[in-house]
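Work through the exercises below with the sequence and the 3D view open beside you, and try each task before you read its solution.

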Amino acid sequence: CYLLVSLSEKRKGGKGRTYIGFTVNPNRRIRQHNGELAMGACSTRALRPWQMVLVVYGFSSKARALAFEWAWQHPRMSRSIKDKVLTMTRGSLVGVKGKARTLRELLASRWRWWTPRSSSPTRRPDAVIVHKDLLDRVLGGEFSIKLILVMMSGAAEGVGALGHAKHQTSWAKSIATGVRVVKQNCGSQGEGIWVCKVKEGQEGEVTGSTLLDLQEAVDNHKEEKTLDDFMTFCEQYIVGENGQLIDQRFLPRIVEGELRVNMPAEGGISATVKSGALDEMERT
């Protein structure tokens, strides 16, 4: 499933309009919507060009993906989230921000969009931000970061002061589900990025006294702290105007390595992040 936003200047009120759809080939589908290939949706022709902002994937079947698409398009009728969205105004559910708000509720819901009913545990779909810069401008940095969090973890909370009681309670439930990653920002050299798991041999509910095995990505050193102590330690990452802390599930294949493509900024010759280079995903 994907979210498009119109960049059209031709019709009054056209720019910023959104469209939600389903495809098995996002690259081909956006070209169809923009008229580069045949078979684009009739409802999007008048507001070309379109930009693909978000892609949600990882469903177990086409039927479940289509069900998710319908719920995203009709949140006030969807059994999974209508109780929440009916408390919101209709205006708060339109535009990119409204669709992102709906997506956040869908991903945080317990409805089984993405796994067969007989399977356990439930696996949430993944989501990729195609144009994070656009989301930041439209949604604001904090809302955009919260949306990233929900995409990765399915948790409705977790950004901000994890030392605060409500976030601490939320994270205790989060880490009880498996290995987690807590990071101070969306991209760095590994400082303040911790892989966290409950220390082996402990049983029962995760509480503030539960021991955690921790490993920092910057140099792979390991530590052991209680959940309460780690929450207090993490407060240093949220100090200041742009302080933030993200909780997401750990992707075990990261140990196999990762491939990144950075493109120099316009007029530049260096592909380093410090020089203003962009990930290829941000360009496409």
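**Exercise 1: A lysine and its partners**

Lys199 counts as partly exposed, at 29% relative accessibility. The model you are looking at is a predicted one.

Task: Find which side chains meet that of Lys199 in salt bridges, and state where each of the residues lies.

Solution. Begin with Glu224, whose side chain meets that of Lys199 in a salt bridge with an N to O distance of 3.0 Å. This pair links distant parts of the chain, since Glu224 belongs to strand S8 (residues 222-226) while Lys199 sits in the loop between S6 and S7, 25 residues apart. Glu224 is itself partly exposed, having a relative accessible area of 43%.

Next, turn to Asp213, whose side chain forms a salt bridge with Lys199 at 3.9 Å from N to O. Asp213 lies in strand S7 and Lys199 in the loop between S6 and S7, so this pair ties together parts that are 14 residues apart in sequence. With a relative accessibility of 23%, Asp213 counts as partly exposed, because the buried class ends under 20%.

Finally, put the two pairs together: Lys199, Asp213 and Glu224 are linked in a network of salt bridges.

**Exercise 2: Another salt bridge**

Task: The structure holds six salt bridges; find the residue with which Glu36 forms one, and decide whether Glu36 is buried or exposed.

Solution. The partner of Glu36 is Arg31, and the closest N and O atoms of the pair are 3.1 Å apart. For the second part, Glu36 has a relative accessible area of 52% and is therefore exposed, since that class begins over 50%. Arg31, by contrast, has a relative accessible area of 40% and is partly exposed.

**Exercise 3: How strands pair**

Task: Describe how strand S6 pairs with S5 and with S7, giving the sense of each pairing and the number of bridges.

Solution. Take S5 (residues 180-183) as the starting point: this strand pairs with S6 (residues 193-198) in the antiparallel sense, over four bridges. One residue pair to locate in the view is Lys183 with its bridge partner in S6, Ile193. Then move on to S7 (residues 211-216), which is joined to S6 by five bridges, the two strands running antiparallel. Here Trp194 can serve as a landmark, as its bridge partner in S7 is Glu216. When you follow the side chains, remember that in a regular strand they alternate between the two faces of the sheet.

**Exercise 4: Cysteines**

Task: How many disulfides does a search of the whole structure find, and how far from Cys196 is the nearest cysteine sulfur?

Solution. The search finds zero disulfides. Cys196 is in no disulfide, and the nearest cysteine sulfur, which belongs to Cys234, is 7.0 Å away, whereas a disulfide requires two cysteine sulfur atoms within 2.5 Å. As for their surroundings, Cys196 is buried, with a relative accessible area of 1%, while Cys42 is exposed, with a value of 60%.

**Exercise 5: The whole protein**

Task: Summarise the protein by its helices and strands, its burial and its contacts.

Solution. Count the elements to begin with: there are nine helices and eleven strands. Then consider burial, where 40% of the 284 residues count as buried. The exposed area is about 16,100 Å², of which carbon and sulfur atoms supply 51%. Lastly, among contacts between residues at least 6 apart in sequence, 53% join residues that are at least 24 apart.

Definitions and conventions:
Residues numbered from 1 in each chain as written. Predicted model: local features only at pLDDT ≥ 70, side-chain atom pairs only at ≥ 80, totals over all residues. Heavy atoms only, no water. Buried < 20%, exposed > 50% of the residue type's maximum accessible area, 1.4 Å probe, protein only. Contact = heavy atoms within 4.5 Å. Areas by Shrake-Rupley, 256 points an atom, 1.4 Å probe, with all protein chains shown as cover. Pairing = 2+ DSSP bridges. Salt bridge = Lys/Arg side-chain N within 4 Å of Asp/Glu carboxyl O.
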